[in-house]
Amino acid sequence: MLNKGLVLSGGGARGAYQVGVLSAIADIAQSSGIHEAFNIYTGVSAGAINATFLAAGADDFTTASKSLVDLWSQLTSDQVFYSDVASIGKIGLNWMKSASVAGFVGPTPGQALLDTTPLHNLLKDRLPFAKIQNNIDRGILKALAITAMDYQSSTAITFVQGKKELPDWQKSRRYSEKAQINAEHVLASSAIPLLFPPVGVDQRFFGDGCVRNTAPCSPSIYLGAQKILVIGVRRQKGTAYENRIMQSAKAPSIGRVLNVLLNSVMLDGVELDVERLERINSLIDQIPPGVHQGLTYKKVDFVWVSPSADIGEIAAQKHMKLPHIIRYLLKGLGSISETSEIVSYLLFDPSFCTQLIEIGYEDGMKQKEEIRRFLES
C-alpha cells in the first residue's frame, strides 16, 4: 500500500474551505469503499487543527470529515478569542503601558491583539488526542506532523507523533521533533503573529507554523509519503483585492501593508512549494528511467486543490459579522477593501464558514476523478 499524505495549509477562518474539500474527498472515498484515505497527516496553523482532528479519526475518514464540517459550520468568534469590550480594553491598556513605560519597567511579554483562551479550551474539549496514538498503535496512522515557529531560535519546528522508526530531519531553519501532540502544540501552530499571543510548549514560546515554513509539503515527504494531496486557501488566478490595488496609485495604508505581510507569511509558502514539486517532477520525467535510482530527488505525485472563489472578497461582503470591537480596530487601519484579507483570517462566523465549506466541497467535486485515482492507487 502506498503511503498517502494530506497537507493542509494555514489561514485562520479560511480553514473552513479545507473542511469543504475534505467533505468532498470523504464522499469520493466512501463511494469507492475507502475508510482510511490517508496515513500521514501534516498541517500548519488552521490546517494543524484540521489535520489533528483527522488523525484522531484516521480509522474512519468519512466520519471524521463530517464531524469537522459540524464543528466549523457552527464556529463563532467567541469560541476562538475574547472580543468583549472589557477583554479588548485590558489588552489595549497593556499595549499602552508597554509603549509608555517599557523603558523603565521592561516590556510586557506575550503581547497580542487578541486573547485565544477560548480556542485553547475548544481544542482540549473537541480534539480526542488519545485516539491519535491508538491509531498509530493499530497501524492505521503512520504519522501526524504539525509545524510551529520557535520565537527563541526563529526556526520552524515540526512536531511529529508516529511510529518510532520515523526519520528526524534538520534543514535550514527547519527541524523535526518527536512529540506527544496535545492542545498546546496545535494552539502554538495556530498563533497568527501579532493577532494571537505566543504559546508556551516545553518552556519555549511558539507562533504560527506558517512563519519560516518555506516548504510545507516537505514534512509529509520526509515521513515517507509517496503521493500527497495539498489543499490551499487562496485563489490562484488573482483576487479582486489584488486587482484593485494594481489600479490604485495611492500610498498603502497600514491595513494594506498588513494584508501583504500576512499573506506572505500565511499563504505564499504552500503555493511556492507546489510549484517546486511541479518543477522537480517535470525534470525527473525528462531523465531516462534507467538513471532514476541514482538521483538525489524523487518524483512525488500530488493533487492540488485551491479556491475557485476570492475568499477575501467574500469576507469583505460579510465584514459586519465581525465582533463590533474588532471592526472598530480594523477601521483604524484602512478601508474594508484594504483589510479584507485580515478580515478573512478573523471572521469565525457560521455564515462565512458555511459558505467556504460549500465552495470547498464544489471545488473538490470538480476534481472528483483526479481525487478518486489518488485514493484508489
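The paragraphs below walk through a predicted model, starting with its nonpolar interior and moving on to a helix pair, a set of strands and two residues with an uncommon backbone angle.

A good place to begin is the interior, where the largest nonpolar core has 93 residues. Within this core, the residues with the most contacts are Ile25, Phe38, Tyr41, Trp72 and Leu375. Helix α1, which covers residues 15-31, supplies the largest share of the core, namely 9 residues. Apart from this core there is a second, separate one of 19 residues, and Ala145, Ala225, Ile228 and Phe302 are among its members. To see how one residue of the larger core is surrounded, the reader can look at Phe38: leaving aside residues up to four places away in sequence, Phe38 touches Lys4, Gly5, Leu6, Ile25, Phe61, Ile140, Leu229, Phe374 and Leu375.

Trp72, already met in the core, also takes part in a contact between two helices. These are helix α3, made of residues 61-73, and helix α15, made of residues 350-366, which pack at an angle of about 145 degrees while their axes lie 8 Å apart. On the α3 side the contact is made by Val69, Trp72 and Ser73, and on the α15 side by Pro350, Cys353, Thr354 and Ile357. Sorted by class, the residues of this contact are 5 nonpolar and 2 polar, with no charged ones.

Turning to the strands, β8 (residues 204-207) pairs in the antiparallel sense with β3 (residues 143-150) over 2 bridges, and here Asp150 stands opposite Phe206 of β8. Strand β8 is also joined to β7 (residues 199-201), again antiparallel, by 3 bridges, with Gly200 standing opposite Phe205 of β8. The strands β7 and β8 form a hairpin with 2 residues between them, and in this hairpin Asp202 takes a positive phi near 50 degrees.

That angle deserves a closer look, because most residues other than glycine have a negative phi. Asp202, in the loop between β7 and β8, is a residue other than glycine with a positive value, and so is Ser45, whose phi is near 55 degrees. Ser45 is placed in the loop between β2 (40-44) and α2 (46-56). Is each of these residues buried or exposed? Ser45 has a relative accessibility of 1%, and because buried means under 20%, Ser45 counts as buried. Asp202, by contrast, has a relative accessible area of 59%, which means that Asp202 is exposed, since the cut-off for exposed is over 50%.

Definitions and conventions. Residues numbered from 1 in each chain as written. Predicted model: local features only at pLDDT ≥ 70, side-chain atom pairs only at ≥ 80, totals over all residues. Heavy atoms only, no water. Pairing = 2+ DSSP bridges. Helix = DSSP H or I, 4+ residues; strand = E, 2+ residues; numbered from the N terminus. Core = buried A, V, L, I, M, F, W, Y, C linked by side-chain atoms within 4.5 Å. Buried < 20%, exposed > 50% of the residue type's maximum accessible area, 1.4 Å probe, protein only. Contact = heavy atoms within 4.5 Å. Axes fitted to C-alpha atoms, helices over the stretch in contact; angles between N-to-C directions. Nonpolar A, V, L, I, M, F, W, Y, C, P; charged D, E, K, R; others polar.
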